[in-house]
Amino acid sequence: MATRLEVKKTYKLYVGGKFPRSESGRTYEVTSARGAFLANAAWGSRKDVRDAVTAARSAQPGWAGATAYNRGQVLYRVAEIMEGRREQFVAEVAASEGVTKPRATTIVDAAIDRWVWWAGWTDKIAQVLGNLNPVAGPYFNVSAPEPTGVIGIVAPQRSSLLGLVSVVAPVIAAGNSCVVLTSEQRPLPAITLSEVLATSDVPGGVVNVVTGPTAELAPWLAAHRDVDGIDLTGCAGADGVDATALEVAAADNLKRVLRPAADEPDWGTTDLERLRIFTETKTVWHPKGL
Amino acid sequence: MSPRFDYAPAPESTAVVDIAPSYDLFINGEFTAPLSERTFATINPATEEKLSQVAAAGADDVDRAVKAARRAYTRVWGPMPGAERAKYLYRIARILAERSREFAVLETLDNGKPIKESRDVDVPTAAAHFFYHAGWADKLEYAGLGAAPAPLGVVGQVIPWNFPLLMLAWKIAPALATGNTVVLKPAETTPLTALLFADVCRQADLPPGVVNIVTGAGETGQALVEHPDIDKIAFTGSTEVGKQIARSVAGTDKRVTLELGGKAANVVFDDAPIDQAVEGIVNGIFFNQGHVCCAGSRLLVQESVAEEVVHRLQRRLQTLRLGDPLDKNTDIGAINSQAQLDRITELTAAGEAEGATRWSPPCELPDRGFWFAPTVFTDVSQAHRIAREEIFGPVLSVLTFRTPEEAVARANNTTYGLSAGVWTEKGSRILWMADKLRAGVVWANTFNRFDPTSPFGGYAESGYGREGGRHGLAAYVTAEGTH
Amino acid sequence: MSASAAPSRARELLGVSALTNKALTSWLHGLPGIDAVGCEGRAAALSTRSIKTDAKAWAIDTAISMIDLTTLEGADTPGKVRALCAKAVTPDPVDPTTPRPAAICVYNDLVGIAREALGDSGIHVAAVATAFPSGRASLEVKLADTQDAVDLGADEIDMVIDRGAFLAGDYRTVFDQIVAVKEACGEAHLKVILETGELATYDNVRRASWLAMLAGADFIKTSTGKISPAATLPVTLVMLEAVRDWRDLTGVQIGVKPAGGIKTTKDALKYLVTLNEIAGEDWLTPQWFRFGASSLLGDLLQQRRKLATGVYTGSRDVTID
């Protein structure tokens, strides 16, 4: 009896709201934590990084210009759609990270809940990070955070979903757009997350996802002059990645840099650090008079 | 024929200052001779006369200063209750106010800025910074920076020559309020008020080593930045040096804040309060001879009123008084150094060569010292060097625009993002513009206002981090989740 | 310019065939706005000018020569006015080089007394008219008031505008009254008092200044002295900008008179500095600038003597009037 032939998924990049193949035309084998073949992923190139930055730049003003309420709803929608594809994420996380199904379930739940947490932040960031300043003179003076712009993210190598969400969500909650270099060895949940983003209401280009060799791609991202900030978290534990060299390259246009910790964190908790690093405080003065 | 109202000379007396023939380094509460055995002269840029000979700290001297700061941090300043730190800062604020005349005259002698500015802006604002930050020292847990913000340790600070004492205050006050100790390097052309501040520290009985002043040039600054026992670097200066610092700390745990250059657009709409706008343009670019990182060096004026605004501006510039910085009626003082004068001269020559139209009011320049007449370039295009590069001098480039969108596009068409100005009587347009302008400070219907409570700092290549206000504290404490 | 020419020039400047209130409104409201904080900041900056030695001596004499020495009390008597005139003719009995004030300013019933007391001293007589200080009377009464002063020999008429009409937006009424009073003035110079303390905003001061100039004022004057605040430096600055810009537009020079509350030499020097740097040197004469003041003269004389002798004078060294 002929068994049904499985339809295999082709994992591609996510750039500007579309799923292109890599410009390189190459793919690489992604295996499970135990070494079993899982899928082919796109071998992203420097030109894919360039295209992703272009897409991120063009999407950023519109995303920042949306109301904070709207951004909150969009991020909440991401959580809703993820919830609907929970089983797929559990399977991919279990395979990618080599954890048991219950553990993977816990991770996926935490990732969904993290979107919900950040969804609730969008319309509070300015209130918590901004304030009036009582200057000594007849002036209205207010300071409020604004998005830094386009943020490059070297995503965590180990935590393929929860870590990824933890670095992407705060960046876009604040109104930035981003270019994500996924975990090199565990890229599949990132592509599935991209499908979630594409089918939620996150505008194309706000999150761009490039799979491939971190050591080859990160220098292009770090040096790109149209990238305003870079999160180097994923340098921890990445093969052949020189975080110091990336930070040196980032200095060329004074990118805001989040340095990697010696070891990747466990992502059990979160905080406002990325909000602080990837926002700019703008202070506006105006006279008060008749 | 109308009579002329010539203001007679009104020089501020220099009797209040007592400049020593030479100065050592201020390390661990004492003035000590440099191990480097090197010194340099600091001169009065208005006369080119030598004011004093100042120690040039070498790497060994910087190391001594960092060690003193570390000891003071570990043994005294770090463990001290915030309420006690606060009282030291209040003392310093009071002493600065008491000795304000002395500081103002000394600043003007060493820097070349008009006495009315050092007297009315630099020194009182510096005192205000200490007073403001004193109050934070025992209230940091309320600053929204986590439940128990902790100091970072030893802070290396490198400051520029344009507002020597004020930049010192911007750096030292928040650092001390948050419990850090300091090694500060003043600019090589303006070390004297920092050295006088060392005397204030002693007068205030500040524990030795809490503030150390190492004078010197770029090499000294580099030794400070690269010293392995520095926890944080705060730098104000050029974007070029800021990038070098960012590179040099790569891969370390050092935290950095950078307050760098700018090329601010001052945007004037056709419905602007025109007389105040003209004042804002003048204040924006000619305050402190244009030696201001946030100077409104690009005037973007709506084409329909460009001719009138330029006419009024030129008329106004004829009343500016250039000359002896110590004269209380001087509006434009001396350029701080020969090197800076050369740079301004070079860039303005480029402006002419590129086809912009150059104008200055009739203006007699003194024979000695470094001087540059207020200069306005019209017919400037966005591609000209004078519209893109920071001149850091009394030179304004005038460009025009047609629509608000075009104004924003031109204003943001720069690698910098420190400040911007908007002039219009229409409230909703101000708020629209303030949203769109990519700059850390937006002055609407005013320009060049500063206050200790108001965060200051740039976007993009104007640097990162804020100084002043609640936001400025963040640069000097451990934020949640980092340490 | 003759009074009757004002309406036709106004129509020409506004580019309208009929000088309706609507036309005046859109013209006045089209003037650039004034940011109060910036305006006051500019005045404060000008106040920091340091005027010493020769410049101070020159400025004191200039200020004395610009004074409209004023008494405007219900209790004014012929004796009081004669004493004031004597003071104007001989400001400092021990120093005959002391300049004389520009004018004596009185209510119109005392113009004759002043005229006689001043003789051929060259000092002008200014009379307040038009139901001063409130201006609340019919136009007929205001014109009769003006005519009285002119008939008694007043060289200058200080009229008040109808602030009620101005604040109600009835600019045409204000314009017409100024035109009519100007007509009644004949050869006498007309100073138009805006009573800026009642106009509340700098924007209104600017509009009232332009309206008065449009209607043919020879001078614009801040205040009656009966309302607080009277003259302030920023208000005067706004009026100086107005006369400067008016000359740019029309070629016609108009004078400015701050009045009320200017009591010290220090104050007067600030006004002269502002005059110098805002309107320019062309205005630095009594023909184009006046101080409406009573006690200012005494302080100027004391400071003048201090400069001359090097010692501070006592209040008893200067004659009081």
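In chain B, 20 residues of domain 1 are in contact with 25 residues of domain 2. I start there, and I should say at once that this is a predicted model.

On the domain 1 side of that contact, two elements of chain B give two or more residues: α3 (100-111) and α4 (115-136). The largest share, 4 residues, comes from α4(B). By class, the domain 1 side divides into 6 nonpolar, 8 polar and 6 charged residues.

Where do domain 1 and domain 2 of chain B begin and end? The domain assignment gives domain 1 as 22-260 + 461-476, and domain 2 as 265-451. Domain 1 is therefore written in two segments, with domain 2 falling between them in the numbering. Taken over C-alpha atoms, the centres of the two domains of chain B are separated by 30 Å.

UniProt has its own entry for this chain. In an unreviewed entry, the feature "domain: Aldehyde dehydrogenase" is placed at residues 36-477 of chain B. Over that range the chain is 42% helix and 16% strand, and the end C-alpha atoms lie 33 Å apart.

Now chain B as a whole. Its secondary structure comes to 15 helices and 18 strands. The radius of gyration is 22 Å, close to the 23 Å that the globule rule gives for 483 residues, so chain B is as compact as a globular protein of that length. The C-alpha trace spans about 70 × 50 × 35 Å along its principal axes. Of the 483 residues in chain B, 61% are buried. If we take the contacts in chain B with a separation of 6 or more, 72% of them are between residues 24 or more positions apart.

Next, some strands from the N-terminal part of the numbering. Strand β5 (residues 49-56) of chain B has two pairings to show here. With strand β4 (residues 38-44) of chain B, the pairing is antiparallel over 7 bridges, and Ile43(B) stands opposite Lys50(B) in β5(B). These two strands form a hairpin with 4 residues between them. In the turn, Glu48(B) has a positive phi of about 65°. With strand β1 (residues 22-23) of chain B, β5(B) pairs in the parallel sense over 2 bridges. There, Ser22(B) stands opposite Gln53(B).

That leaves the neighbouring chains. Which chain B elements supply at least two residues each to the side that touches chain A? They are α8 (239-248), α14 (427-436), β17 (441-444), β18 (463-464) and α15 (469-473). The contact itself involves 36 residues of chain B and 31 residues of chain A. The chain B side has 15 nonpolar, 13 polar and 8 charged residues.

One of those elements, β17(B), also pairs across the chains. Strand β10 (residues 279-287) of chain A runs parallel to β17(B), and 3 bridges join them. The bridge partner of Val284(A) in β17(B) is Val442(B).

The contact with chain C takes 21 residues from chain B and 25 residues from chain C. On the chain B side, helix α9 (residues 274-286) provides the largest share, 5 residues. How do the residues of that side divide by class? There are 7 nonpolar, 7 polar and 7 charged.

Methods. Residues are numbered from 1 along each chain as its sequence is written. Chains are lettered from A and ligands numbered from 1 in the order in which they are written. This is a predicted model: local features need pLDDT of at least 70, side-chain atom pairs count only at pLDDT 80 or more; totals for chains, interfaces and linings use all residues. Two residues are in contact if their C-beta atoms, placed from the backbone, lie within 7 Å. Ala, Val, Leu, Ile, Met, Phe, Trp, Tyr, Cys and Pro count as nonpolar, Asp, Glu, Lys and Arg as charged, and the others, Gly among them, as polar. UniProt positions are given in the numbering used here, feature names are shortened, and annotations may be inferred rather than shown by experiment. Two strands pair if DSSP finds at least two bridges between them. The radius of gyration is taken over C-alpha atoms; the globule rule is 2.2 Å times the number of residues to the power 0.38. A residue is buried if 20 or more other C-beta atoms lie within 10 Å of its own, exposed if 12 or fewer, and partly exposed in between; C-beta atoms are placed from the backbone.
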